[in-house]
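Thanks for coming. I will take a few minutes to walk through one structure, so please have it open on your screens.

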Amino acid sequence: MQNVHKIKQDICDIGRRIYNRQFAAANDGNITVRISENEVLCTPTLHCKGFLKPDDIATVDMTGKQISGRKKRSSEALLHIEIYKNRPDIKSVVHCHPPHATAFAIAREPIPQCILPEVEVFLGDVPITKYETPGGQEFADTIIPFVSKTNVIILANHGTVSYGETVEQAYWWTEILDSYCRMLMLAKQLGNVSFLTAGKSQELLDLKGKWGFSDPRNTDEYKDCDICANDIFRESWAASDVQRRAFPAPPPIKETTKQVADANGMDEDQLVQLITNEVVRQLQSAS
């Protein structure tokens, strides 16, 4: 049996932390927690998240319809509900406007990878959505291409949304992301951003898998990807007008067979056959 009042208190606590970190000005941001198959606790609209009380929290169903609460639910509840529909494992969603991460949202600058260990372990590749006017279903739908492969998303020209098994965990990912974006800006002002080596980056991915954190780069689908080059979401950049403007691409850590094949004017099958023939030839010579 869940203690709903305690969960509402937790929502209010995270609201204060968001406000105190200046992740939400005035009445910005919203927080939800899913408490049953068809019930979601939701912060009210037009209320500062730094001064919420448990009695302020509304309850909505999985269509976004408010079913209880004396104050009107957030206008962006549909975004949260879309995440719950696509991720049954998720129990809480936090949306706010952390200034450093939102600067990347406004610039539509991809988040560089393979720089900070904590980011590789806890976040991985962070996507940026297409822009859509907040509040409606079209806005909610912008997260669908990404929601299954990450726990934090940057909303173009808007802010961030992160999600997890508890409201505190959902908030953590946003705090980690904003701290990282701030560090990146400071390092750039110093004049240099150094990337981790391929070997050290792979060690972090191995640890991530060992500790039970999922990452597409640890799956067969992306086994040939360049783990530092934003390969998980890079195909979405053109549609969202995302491109590297402020930060350079990381040094390539390995060439895929496709890249080598393209460079030599052949397809992958031809390249694989060529390599196989050479291996066989060397084995025969050695014998």
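A word on terms before we begin: a residue is called buried when its relative accessible area is under 20%, exposed when it is over 50%, and partly exposed in between. Bear in mind that this is a predicted model.

I will start with one residue, Gly 164. Is Gly 164 buried or exposed? Its relative accessibility is 2%, and the cut-off for buried is under 20%, so Gly 164 counts as buried. Gly 164 is part of strand β7. Setting aside residues up to four places away in sequence, what does Gly 164 touch? The list is Ile 90, Lys 91, Ser 92, Gln 169 and Ala 170. Take Ser 92 from that list: Ser 92 and Gly 164 are 72 residues apart in sequence, yet 5.6 Å apart in space, C-alpha to C-alpha.

Now the protein as a whole. There are 287 residues, and 45% of them are buried. The secondary structure consists of 10 helices and seven strands. If we take contacts between residues at least 6 apart in sequence, 64% of these join residues at least 24 apart.

Next, the interior. The largest nonpolar core has 27 residues, and those touching the most other members are Ile 83, Val 93, Ile 143, Ile 153, Leu 155, Val 161 and Tyr 163. Which elements give two or more residues to this core? They are β2, residues 39-42; α2, residues 77-86; β6, residues 152-155; and β7, residues 159-164. The most comes from α2, which gives five residues. A second core lies apart from this one and has 21 residues, including Ile 115, Ile 128, Ile 154 and Leu 184.

Let me stay with α2 for a moment. This helix is mostly covered, with eight of its 10 residues buried. The buried residues are Ala 77, Leu 78, Leu 79, His 80, Ile 81, Glu 82, Ile 83 and Tyr 84. Note that His 80 and Glu 82 are on that list.

Leu 155 is a useful place to look at the packing. Leaving out neighbours within four places in sequence, Leu 155 is in contact with Leu 79, His 95, Ala 105, Thr 129, Phe 139, Ile 143, Thr 160 and Val 161.

On to the aromatics. How many aromatic pairs does the structure hold? There are seven. Take Phe 122 and Trp 173: their ring centres are 6.0 Å apart and their planes are at 25 degrees, so this pair is stacked. The pair links distant parts of the chain, since Phe 122 is in helix α4, residues 117-122, and Trp 173 is in helix α6, residues 167-190, with the two positions 51 residues apart. Trp 173 is buried, at 3% relative accessibility, whereas Phe 122 is partly exposed, at 29%.

Trp 173 also pairs with Trp 172, and here the geometry is edge-to-face, with 6.4 Å between centres and 70 degrees between planes. Trp 172 has 40% relative accessibility and therefore counts as partly exposed. Together, Phe 122, Trp 172, Trp 173 and Phe 213 make up one aromatic cluster. Elsewhere, Lys 188 lies over the face of Phe 247, at 5.4 Å from the ring centre.

What about empty space inside? A search of the whole structure finds one cavity of 30 Å³ or more. The largest cavity holds about 40 Å³ of space. Its lining is made of Pro 110, Asp 125, Val 126, Pro 127, Ile 128, Asn 230, Phe 233, Arg 234 and Trp 237. Ile 128 you have heard already, as a member of the core of 21 residues.

Last, two backbone details. Gln 22 is not a glycine, but its phi is positive, near 60 degrees. Where is Gln 22 placed? It is in the loop between α1, residues 4-20, and β1, residues 30-36. With 64% relative accessibility, Gln 22 counts as exposed. Asp 241, also not a glycine, has a positive phi of about 55 degrees. Asp 241 sits in the loop between α8, residues 237-240, and α9, residues 257-263. Its relative accessible area is 39%, so Asp 241 is partly exposed.

That is all I have. Thank you.

Terms used
Residues are numbered from 1 along each chain as its sequence is written. This is a predicted model: local features need pLDDT of at least 70, side-chain atom pairs count only at pLDDT 80 or more; totals for chains, interfaces and linings use all residues. Side-chain values use heavy atoms; hydrogens and water are left out. A nonpolar core is a set of buried Ala, Val, Leu, Ile, Met, Phe, Trp, Tyr and Cys residues joined through side-chain atoms within 4.5 Å. Buried means under 20% relative accessible area, exposed over 50%, partly exposed in between (1.4 Å probe, protein chains only). Helices (H or I, at least four residues) and strands (E, at least two) are DSSP runs, numbered from the N terminus. Contact means heavy atoms within 4.5 Å. Rings of Phe, Tyr and Trp (its six-membered ring) pair if their centres lie within 6.5 Å; planes under 30 degrees apart count as stacked, over 60 as edge-to-face and the rest as tilted. A charge sits over a ring if NZ of Lys or CZ of Arg is within 6 Å of the ring centre and within 35 degrees of the ring normal. On a 1 Å grid over the protein atoms alone, a cavity is a set of points where a 1.4 Å probe fits but cannot get out, and a pocket is an open set with protein on both sides within 12 Å along at least five of seven lines; lining residues have an atom within 4 Å of a point. Grid points are joined across faces, edges and corners, and a volume is the space filled by probe spheres set on the points.
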